[in-house]
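The exercises that follow are meant to be worked with the sequence and the coordinates side by side. Each task is followed by a solution that goes step by step.

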Amino acid sequence: MATITGRTSRSIGATVRQVTKSNFPAAIHQIKTDIEAADFVAVSTRKTGDSSASSASSSHHRPWRRILPIDTPETAYLKSKLAAGSFELLQFAVCPFSIRGSKVIALPYNFHLFPRDELSLGMPSYRFSCQTPFLSSMAREGFDFNACVYDGISYLSRVQESKARERNPSSSPSLHPFSSSQTASSVADSIFKERIKWRINHWRNAFKASTQEKDGSLAQTLRKLILGGEVYGSRPGMSIDICNEKQMHLVFEVVNQISDDLVVPIYIPHKFEGQPEAVRVVLAGSEDDKKELLAEIQDLEDEQNLKLRGFRQVIDLISSSHKTVVSHNCLHDFTFIHEKFLGPLPATLPEFMCSLRLLFDNVIDLNHLLKEIGPLGKGKNIPGALSYLRRQFFLPMELQVPRHDPQGSSSSHGKNVLSIAFLFSKLNRLLKTAPSGRTEPIEDFANIFHTASMTLLEPGDDDNDDDADAGLPMIDTAKRVGTDDILFLWGFRGATSAAELKARLFRIHPVFSKEFDVRIVDKTCAIAVFRNSGSAEALLKDITSVENLSGAFREMVVEGLRAARYDAYEKVCKIGLWEGDLADSLEVAMADSTEDSSYSLSGANTNEIHWNREMMIDLNEL
């Protein structure tokens, strides 16, 4: 058993069970037990790319496509939606864990995935994109890409599974007939049910009588032929032919109403078409025999489902457990989870949140939790947050991993999930013991996703804490800025950095004589953020009436300076103008007449962003 006391993710030496296609069937049974016994479930993913990538070479050289401080929750969701549809999951770490006083009992798994069409269904084999920094980082950690392709666990989403069952219906017997839209019972249904009930009772009574009589073999054979008796394994049974789904459900209803609880109905689909063909009624010899029969059929169902669903079976286990799920960056992780394991992402953030709640009851975002707990919001990554907690608070806790996996002893894959579980446990304890009297239950922080990205370092990554500073007077980075105080600027010539552009703008217009901030978004576009309400509207009005301008500002406008409100940027994200530079996309959005292009600055439509200069991009970094 590995024990870690107050360490960061880099020094965590506990073993994470590595799971591939070859040992997946055995792991699925164990993780089911672990999830049921746990208090929480932490998850962590490794992808081929992400909208939150901080590398300047990411996002197909369109750095504005990553989530930035200028993004509202809605635009951040649209960017995450784009990433989830473009990139692929290669690893999915799951850690059921419990908090027992000062101990965190963790049972981590790291599943290696690959979307292989193993069942020749045409799903989920498709193209996906890769970002080189992500693959390079995994390669440095010793990730075996060959093993991923050949031994990675495949999967189908719920939508894909539904389509697969339509194309290739199962011919396996089942205890759970598929649901259908039930209509009101008719007289014909009542007659059908009474006839089936008479047949089952007559068959059951006759069979019991035959076992008590000492008839010859010929008499028993004749009775079997007359009653229509069969055997299911070594147990007596009787098949009831059905014509449709409704009759199937009526037979199950009749059997469940029979007082003799040793009778078991089993749905038998057509061997080739998968449509309802018969319900086989089986008579168990005893309660123990019935339990054994039910277990046999359930094992057959589970084997078939596991083959079809693949890794999604783990997601379904977490969902059905109703345990609180903890992640370090929920917006990124759960858009991927929805896209890969549930179905295509909805068009809007509210629809996504509603859909996700159908899968998970409570999801806690460590990003949001850290932002809510005072100075912890300054932590740039999980190791930094753990280090800050260790310095500022006396929270002695031990992370214990009771199970040792020899196959994972030399692997660092998936250890981030342990850091997530450990940090969450410390924050949970801090909330309960806060000297300020703040004792909010952890559930109060559920289902709130923070849009900003917090870097989670993998073991071996550089843990730089450099804070790039442009040396300019800035608007307070912690300020909540209304979107009506923001303008996108492009068409400026000669400025290659935010500092240079701000120096050119300084005092050339009255709004630039007051407090404002300028940052570069990509090589074509910058964003101006104003402290004073109305400054953005005044500047935009003057840019569009060049005949009233003079001096250096008029010269910049004549040379091509353009501006757009935040509404134009929202439209770019909404209609998916991702491929061009931001300036070009804004031009297209403003010229598009399919929607209202007035871009009103009405306060009723105002959103807030969390302005944070640390995430912005400088042209010198491109």
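## Exercise 1: The strands around S5

Serine 98 stands opposite isoleucine 105 in S5. The model is a predicted one, and the task is to place this pair in its sheet by finding which strands pair with S5 and in which sense.

Solution. Begin with strand S4 (residues 89–100), which pairs with S5 in the antiparallel sense over four bridges. The connection between S4 and S5 is a hairpin with two residues between the strands, and glycine 101 in the turn has a positive phi of about 70°. Next, turn to strand S13 (residues 398–401), which runs parallel to S5 and is joined to it by three bridges; here lysine 103 stands opposite glutamate 398 in S13. Finally, follow the side chains along S5 (residues 103–106), which alternate: Val104 and Ala106 point to one face and are buried, whereas Lys103 and Ile105 point to the other face and are not buried.

## Exercise 2: Strand S17

Determine how many residues of strand S17 (residues 525–530) are buried, and identify the bridge partners of alanine 526.

Solution. First, count the burial along the strand: six of the six residues of S17 are buried, so the strand is largely enclosed by the rest of the structure. Then separate the two directions, with Cys525, Ile527 and Val529 pointing one way and Ala526, Ala528 and Phe530 the other way, all of them buried. For the pairing, strand S15 (residues 486–490) meets S17 in the antiparallel sense over five bridges, and leucine 489 has alanine 526 as its bridge partner in S17. Strand S16 (residues 516–522) also pairs with S17 in the antiparallel sense, over six bridges, and alanine 526 is the bridge partner of isoleucine 520. The link from S16 to S17 is a hairpin that passes through two residues.

## Exercise 3: Salt bridges across the chain

For the salt bridges glutamate 141 with arginine 46, arginine 65 with glutamate 579, and glutamate 587 with arginine 562, work out where the partners lie and whether they are buried or exposed.

Solution. The structure holds 15 salt bridges, among them the one between glutamate 141 and arginine 46, whose closest N and O atoms are 3.3 Å apart. Because glutamate 141 lies in the loop between helix H3 (132–140) and helix H4 (145–151) while arginine 46 belongs to strand S3 (residues 40–47), the pair ties together parts that are 95 residues apart in sequence. Both glutamate 141 and arginine 46 are buried.

Continue with arginine 65 and glutamate 579, whose closest N and O atoms are 3.8 Å apart. This pair links distant parts of the chain, 514 residues apart, with arginine 65 in the loop between S3 and helix H2 (73–86) and glutamate 579 in the loop between helix H19 (566–575) and helix H20 (582–591). Arginine 65 has 7% relative accessibility and therefore counts as buried, whereas glutamate 579, with a relative accessible area of 59%, is exposed.

The third pair, glutamate 587 and arginine 562, meets at 2.8 Å, N to O, and joins helix H20 to strand S18 (residues 562–564) across 25 residues. Glutamate 587, at 29% relative accessibility, counts as partly exposed, and so does arginine 562, at 33%. A further step concerns shared partners, through which salt bridges join Arg158, Glu161, Arg309, Arg312 and Asp316 into one network.

## Exercise 4: Surface charge and backbone angles

Find which residues form a negative surface patch, and locate histidine 322 and asparagine 447, two residues with positive phi that are not glycines.

Solution. The patch consists of Asp261, Glu287, Asp288 and Glu292. One of these, aspartate 288, lies in helix H9 (residues 287–309) and is exposed, with a relative accessible area of 57%.

For the backbone angles, histidine 322 has a phi near 60° and is found in the loop between helix H10 (312–321) and strand S11 (324–327). Its relative accessibility is 52%, so histidine 322 counts as exposed. Asparagine 447 has a positive phi of about 60° and sits in the loop between helix H15 (416–432) and strand S14 (480–482).

How values were computed. Residues numbered from 1 in each chain as written. Predicted model: local features only at pLDDT ≥ 70, side-chain atom pairs only at ≥ 80, totals over all residues. Heavy atoms only, no water. Salt bridge = Lys/Arg side-chain N within 4 Å of Asp/Glu carboxyl O. Buried < 20%, exposed > 50% of the residue type's maximum accessible area, 1.4 Å probe, protein only. Patch = residues over 30% accessible without salt bridge, like charges linked within 9 Å, V, L, I, M, F, W, Y side chains within 5 Å. Areas by Shrake-Rupley, 256 points an atom, 1.4 Å probe, with all protein chains shown as cover. Lys, Arg positive; Asp, Glu negative; His and termini not counted. Charge placed at Lys NZ, Arg CZ, Asp CG, Glu CD. Pairing = 2+ DSSP bridges.
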